[in-house]
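Colleague: Got a minute to walk me through this one? I'd like to go over how it packs, and then any odd spots in the backbone.

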Amino acid sequence: MMLFLLMKRAGIALGSNLGDKNSLMVRARNHLQQMSLSDDPFLQSSLYATSPQGCPHGADDYLNAVVEFTWPGTVEELLVHCQGIERALGRIRSGIRCEPRTADVDIIYVGDMVVDDPPRLVLPHPRAHLRKFVLKPLSDIRPELILPRQNKTVACLLAELDTDEADPLLVSERW
């Protein structure tokens, strides 16, 4: 994978459906905030409760949010940091798709970059535009953003999304 030097805005989706979800979300956000450039704004969405999508039967609801900040490193370094946050917050990957987790720290986009290096990294996140639990919090902070490979704003994608996924429920505007 090529390493790209960045000074681009990075959008990160946060999620948790195991343990003390609220505390884990705050801790994940705080880790990311420490990694951002202090002179640039750190944006965070409201916190939402969402139904688990594609998870094993009986999985607890998720808390979800999105943050955006200026990342001064490479995409590879950002990925390593995000995976490190997940491990630090107790995430164990068993290989089961959509398994319950203490922390999910997913890169949605990094500026206008397009990266195709599956299974390691695909940017923008290949399913972000299809998920209310990503689009709703992202629309809180960047409704006019057009994700790479899309031609509509985040607000339009959310409004036009045709899915049986329940609408995210607002938990807290400030967390």
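**Packing, pockets and backbone**

Modeller: Happy to. Keep in mind that this is a predicted model. A good place to start is helix 1, residues 21-35: what covers its buried residues includes strand 1 (8-16), strand 2 (43-44), strand 3 (47-50), strand 4 (62-71), helix 2 (75-88) and strand 5 (104-110).

Colleague: Which residues of helix 1 are buried?

Modeller: The buried ones are K21, L24, M25, A28, R29, L32 and M35. Looking down the axis of helix 1, you find them within an arc of 135°, so they line one face of the helix.

Colleague: Why would a spacing like that put residues on one side?

Modeller: An α-helix has 3.6 residues a turn, so residues three or four places apart point the same way.

Colleague: And how far does helix 1 reach from end to end?

Modeller: Its 15 residues span 21 Å from the first C-alpha to the last, close to the 21 Å expected at 1.5 Å a residue.

Colleague: OK, helix 2 next. What do its buried residues pack against?

Modeller: They pack against strand 1, helix 1, strand 4, strand 5 and strand 7. The buried residues of helix 2 are V75, E76, L78, L79, C82, I85 and E86. Helix 2 has 14 residues and covers 20 Å between its first and last C-alpha, close to the 20 Å expected at 1.5 Å a residue. After helix 2 comes G90, which has a positive phi near 90°.

Colleague: Strand 1 has come up for both helices. How many of its residues are buried?

Modeller: Strand 1 is mostly covered, with 8 of its 9 residues buried.

Colleague: Which strands does it pair with, and in what sense?

Modeller: Strand 1 runs antiparallel to strand 4, joined by 9 bridges, and it is also antiparallel to strand 5, with 6 bridges. To find the register, look at A13, which stands opposite V66 in strand 4, and at G15, whose bridge partner in strand 5 is D104.

Colleague: What about strand 3, what are its partners?

Modeller: Strand 3 pairs with strand 8 (residues 169-172) through 3 antiparallel bridges, and with strand 4, again antiparallel, over 3 bridges. L47 has S172 as its bridge partner in strand 8, while T50 stands opposite Y62 in strand 4.

Colleague: Anything to see around A49? Which residues does it touch?

Modeller: A49 belongs to strand 3. Leaving aside residues up to four places away in sequence, A49 touches Y62, L63, P168, L169 and V171. There is also F133, which is 84 residues from A49 in sequence but 8.5 Å away in space, C-alpha to C-alpha.

Colleague: Changing topic: how much space is there in the largest pocket?

Modeller: The largest pocket holds about 950 Å³. It is lined by 37 residues, and the closest to its centre are R101, D104, D106, H125 and R127.

Colleague: Which elements supply the lining?

Modeller: Strand 4, helix 2, strand 5 and strand 7 (121-123) each give at least two residues to the lining of that pocket.

Colleague: And closed cavities, how many of those?

Modeller: The count is 2 cavities of 30 Å³ or more. The largest cavity has a volume of about 50 Å³, and its lining is made up of A13, D106, I108, H125, R127, A128, R131 and V134. You've met A13 already, as the residue opposite V66 in strand 4. D106, H125 and R127 should ring a bell too, from the list of residues closest to the centre of the largest pocket.

Colleague: Nice. Now the backbone: which peptide bonds are cis?

Modeller: Two to look at are P118 to P119, with omega near 0°, and L123 to P124, with omega near -5°. P119 is in the loop between strand 6 (115-117) and strand 7, whereas P124 sits in the loop between strand 7 and helix 3 (132-141).

Colleague: And which non-glycine residue should I look at for a positive phi?

Modeller: Try R149, which is not a glycine yet has a positive phi of about 75°. R149 lies in the loop between helix 3 and helix 4 (154-160).

Colleague: Is R149 buried or exposed?

Modeller: In between: R149 is partly exposed, at a relative accessible area of 49%.

Colleague: Great, thanks. I'll go and click through those.

Notes:
Residues numbered from 1 in each chain as written. Predicted model: local features only at pLDDT ≥ 70, side-chain atom pairs only at ≥ 80, totals over all residues. Heavy atoms only, no water. Helix = DSSP H or I, 4+ residues; strand = E, 2+ residues; numbered from the N terminus. Expected span 1.5 Å × (residues − 1). Buried < 20%, exposed > 50% of the residue type's maximum accessible area, 1.4 Å probe, protein only. Arc of directions from axis to C-beta. Contact = heavy atoms within 4.5 Å. Pairing = 2+ DSSP bridges. 1 Å grid on protein atoms, 1.4 Å probe; cavity = no way out; pocket = protein on both sides within 12 Å on 5 of 7 lines; lining within 4 Å. Points joined across faces, edges and corners; volume = space filled by probe spheres on them.
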